[in-house]
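Me: I'm new to this structure and would like a close look at just one part of it. Please walk me through a sheet: its strands, how they pair, and what packs on it.

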Amino acid sequence: MDKRIYLDNAATTPLSEKVLEAMLPILKEGYGNPSSIYAQGREAKAAVEAAREKVAKALGANPPEIFFTGGGTESDNWAIKGAAYAGARKNKRHIITTNIEHHAVLHSFEALEKQGFETTYLPVDDQGLITAEQVADAIREDTALVSVMYANNEIGTLMPIAEIGAVCRERGVLFHTDAVQAVGNVHIDVVAQNIDLLSLSGHKIHAPKGIGALYVRRGVVIDNFIHGGGQERSKRGGTENTSGIVALGVAIEEATLGLDAHIAHCTKLRQRLIEGILGSISHCRLNGHPEKRLPGNANFSFDGIEGEGMLLLLDMKGICASSGSACTSGSLDPSHVLLAIGLPHERAHGSLRFSIGDQNTEEEIDYVIEVLPPIVQRLREMSPLWDSIVKAQA
Ligand SMILES: *Cc1c(COP(=O)(O)O)cnc(C)c1O
């Protein structure tokens, strides 16, 4: 195969043709500043507002509840720090999250700890789930915020968001969800699911990098995070990323229109991949929940070998995937997510994530199923651990 097979859609997605087409006129001619009062400014402003309507519609929200940001990381930082600081003024300094969040959430929590906030990290079970009861039990009089991710980026597990939302609403605690992986992959309704704050990102849904949004339910007050001019109704300063905003609007509209077909396509390919891999490779497991998972996510652990070795050999075969181990994160620790679901260090090091998108085909999946078993075998033959693992389990 001379073509690259891109199976890392949870890391980022290719730009959609329709999105690019919508951006080009903004980049070329539509350079007006949305704050300017002449025609070019008004046109830019109208484009931003049209995109806001599209984002709102996709979430079941109202346009004034949508604020554009510089991406998922900024949205998470704003939601969490903004809610914590607003809570602190009412003497609420306790915040709750899970132990498998994205670092945008975990490191925001750590930053707040250093400022004197008290944190609770709810432990997930071996499939990556927490329950609404765990949240209910953790909420205190002084709890300002609960932040639970909608879908995990590594193992794909989908959290019981509506149930958690109901608990938080009943107890009068703000509920934020990092939905960066969920948007465009599952049906979301912020009203039905009692969500107060929701983060999303453009580049995970075929828009460019560096654009995202935060949904803030009407009536919810959080502190500003980026101080500057009066943009975004004075809540998020900075001249608008007009082309990125237009791109996000088109991308989320496309994703919503095609959602059912997308879910069907990705689920079918995912199951084909899971059955193919588990059926042809021994000492291999699927990580995450078998059904409550993102349509396109398949995460495996292979005994006796390291993720990086597999990634390099897959790359030589033209396949892009990801692993939850050392090199990718630039640290020697295996993924905090895989450790949180109880994998021992060795097994967490030998993990591989494939994330499927609309552009992937059955032939591509079959190619992976064909080339991966010999790669795993080759690495295991070179592994000093392999013989003892086989003997110990025999
Ligand atoms: C990618 C991702 C983010 C970060 O989004 P950026 O737009 O890249 O900053 C946050 N949370 C999750 C779950 C993600 O997958």
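Reply: Two strands pair if DSSP finds at least two bridges between them. The strands themselves are DSSP runs (E, at least two residues), and helices are runs of H or I with at least four residues, both numbered from the N terminus. Happily, residues are easy to find here, as they are numbered from 1 along each chain as its sequence is written. This is a predicted model, where local features need pLDDT of at least 70, side-chain atom pairs count only at pLDDT 80 or more, and totals for chains, interfaces and linings use all residues; side-chain values use heavy atoms, without hydrogens or water.

Now to the sheet. Look for three strands in the order β9-β10-β12, which make an open sheet with antiparallel pairing. Its edges are β9, residues 284-287, and β12, residues 351-355, each of which pairs on one side only. Going from one strand to the next, the twist averages 25 degrees (axes are lines fitted to C-alpha atoms, and angles run from 0 to 180 degrees between N-to-C directions).

Next, follow strand β10, which spans residues 297-302 and is joined to β12 by five bridges, the two running antiparallel. For a landmark in this pair, find N299: its bridge partner in β12 is R353.

Finally, helix α10, made of residues 307-316, packs on the sheet. The strands that helix α10 touches are β10 and β12 (contact means heavy atoms within 4.5 Å). Compared with the direction of β12, that of helix α10 is turned by about 45 degrees, with the helix axis fitted over the stretch in contact.
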